[in-house]
Amino acid sequence: NLIKPEIEKHSGGSIEHLYAVSPERVDPGRVDWDQKNTPRLYAGLTPEASKAVREFYSTFCDNLVEVSSPEVAEAAKLFENTFRQVNIALVNEFAQITHALGISVHETLDAANTKPYGFMKFTPGAGVGGHCIPVDPSYLADTAARVGVPATFIERANEVNLEMAAYVVGRVAADNGGTLSGKSVQVIGVAYKPNVADTRETPAASIIDLLRGAGAGVSWHDPLVGSWRGENSADLGAFDVAVVVTKHDVVSVADIKKSSYVFDCTGSITGADGI
């Protein structure tokens, strides 16, 4: 719909082009699945294009899966990430329910995970980040609206995850006398996931903005990021409040606990309050 007409308009038909789609599948920081062993979907607009793209990807990919059209390949990519978005939203909403009930969401999820079928464990957090999960479901919802199918479920999942920042700040304020005005707060980890330096769509941005809006003095610490949004990573220290959004392996839990109050969005710090 877009790329083929644009290329042909500018090339004037002087060069023959073949067109194919092979959506990216990558999980940054992961070592067990990479470009070589992760199954790769592909489809050409013509049989010749499919053959050419298969020959190319077979030089460095072990498992190629041809589908009937580029639309199927792209829709599969969008649904993969929408599946993640929806299930993360579900577990984030469930975390709020279990907190209100006074039970541990993590113990409850571990208990549910003993079921050997019909269940896939997701864990709650401060929201979603990266260049795929926060974005791809919106592409799918927009396409659905264009063909007259409201994607209400997908849109609500996006809302739940975006609202997690306000939930986190509300919980932190409630645990600190109902106000954060004048409090010194350090946000730990502004990358969107552990052990990577990628800050795209990170929920840390909204959390920091809301903390500052509540009157807190906010710095952030992330040794993998260094500088971000015109600010530099501050030394990890003792603050009134530490909010752990992302926990890199290189960040010391003992140092995090030097702050008077720790709110852990990751579920990885024993004894800390959190989601």
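This report describes the sheets, helices, nonpolar cores and two buried polar residues of a predicted model.

## Five-stranded sheet

One open sheet contains five strands in the order 5-4-8-9-10, and the pairing is parallel. Strand 5 and strand 10 (273–274) are its edges; each has a single partner strand, so one side of each lacks a neighbour in the sheet. Strand 8 and strand 9 run parallel and are joined by four bridges. Among the residue pairs here, Val243 has Phe263 of strand 9 as its bridge partner, and Val241 is bridged to Tyr261 in strand 9.

On its way to the edge, the sheet continues from strand 9 to strand 10 through two bridges, again with parallel strands. Asp264 has Gly274 of strand 10 as its bridge partner. The side chains of strand 9 alternate: Tyr261 and Phe263 point one way, Val262 and Asp264 the other way, and all are buried.

## Helices on the five-stranded sheet

Helix 6 packs on this sheet, where it touches strand 8, strand 9 and strand 10. The direction of helix 6 makes about 155° with that of strand 9. Helix 7 lies across strand 4, strand 5 and strand 8, and runs at about 155° to strand 5.

## Nonpolar cores

The largest nonpolar core has 38 residues, and Val187, Ile207 and Val243 have the most contacts inside it. At least two residues of this core come from each of helix 3 (70–101), helix 4 (105–112), helix 6 (152–174), strand 4 (184–188), helix 7 (203–213), strand 5 (217–221), strand 8 (241–244) and strand 9 (261–264). Helix 6 gives the largest share, seven residues.

Beyond residues up to four places away in sequence, Ile207 touches Ala126, Ala165, Val168, Val169, Val243 and Val245. A second core, separate from the one above, has seven residues, including Val244, Val251, Ile256 and Val262.

## Three-stranded sheet

The other sheet described here is also open, with three strands in the order 1-2-3 and mixed pairing. Strand 1 (20–21) and strand 3 (64–66) are the edge strands, each pairing on one side only. Strand 1 runs antiparallel to strand 2 (residues 40–44), and two bridges join them. Val21 has Ala43 of strand 2 as its bridge partner.

Two helices lie across strands of this sheet. Helix 2 (residues 47–57) crosses strand 1, strand 2 and strand 3, at about 150° to strand 2. Helix 3 lies across strand 1 and strand 2, and its angle to strand 2 is about 150°. Helix 3 also supplies at least two residues of the largest nonpolar core.

## The two faces of helix 2

The buried residues of helix 2 are Ala49, Ser50, Val53 and Tyr57. Viewed down the helix axis they fall within an arc of 100°, so they line one face of helix 2. An α-helix has 3.6 residues a turn, so residues three or four places apart point the same way.

The buried residues of helix 2 pack against strand 1, strand 2 and strand 3. Pro47, Glu48 and Lys51 are exposed and sit on the face turned away from the buried side.

## Ser50

Ser50 belongs to helix 2. Its relative accessibility is 8%, and because buried means under 20%, Ser50 counts as buried. The side chain of Ser50 makes a polar contact of 3.5 Å with the side chain of Glu66. Apart from neighbours within four places in sequence, Ser50 is in contact with Tyr42, Ala43, Gly44 and Glu66. One of these, Ala43, is the bridge partner of Val21.

## Lys193

Lys193 lies in the loop between strand 4 and helix 7. Its relative accessible area is 17%; this is under the 20% limit, so Lys193 is buried. A polar contact of 2.5 Å joins the side chain of Lys193 to that of Asp27. With neighbours within four places in sequence left aside, Lys193 is in contact with Asp27, Pro28, Thr246 and His248.

Note on methods: Residues are numbered from 1 along each chain as its sequence is written. This is a predicted model: local features need pLDDT of at least 70, side-chain atom pairs count only at pLDDT 80 or more; totals for chains, interfaces and linings use all residues. Side-chain values use heavy atoms; hydrogens and water are left out. A nonpolar core is a set of buried Ala, Val, Leu, Ile, Met, Phe, Trp, Tyr and Cys residues joined through side-chain atoms within 4.5 Å. Buried means under 20% relative accessible area, exposed over 50%, partly exposed in between (1.4 Å probe, protein chains only). Contact means heavy atoms within 4.5 Å. Two strands pair if DSSP finds at least two bridges between them. Axes are lines fitted to C-alpha atoms, for helices over the stretch in contact, and angles run from 0 to 180 degrees between N-to-C directions. The arc is that of the directions from the helix axis to the C-beta atoms. A polar contact is a pair of N or O atoms within 3.5 Å; within protein, one must be able to donate a hydrogen and the other to accept it, and residues adjacent in sequence count only if both atoms are side-chain atoms.
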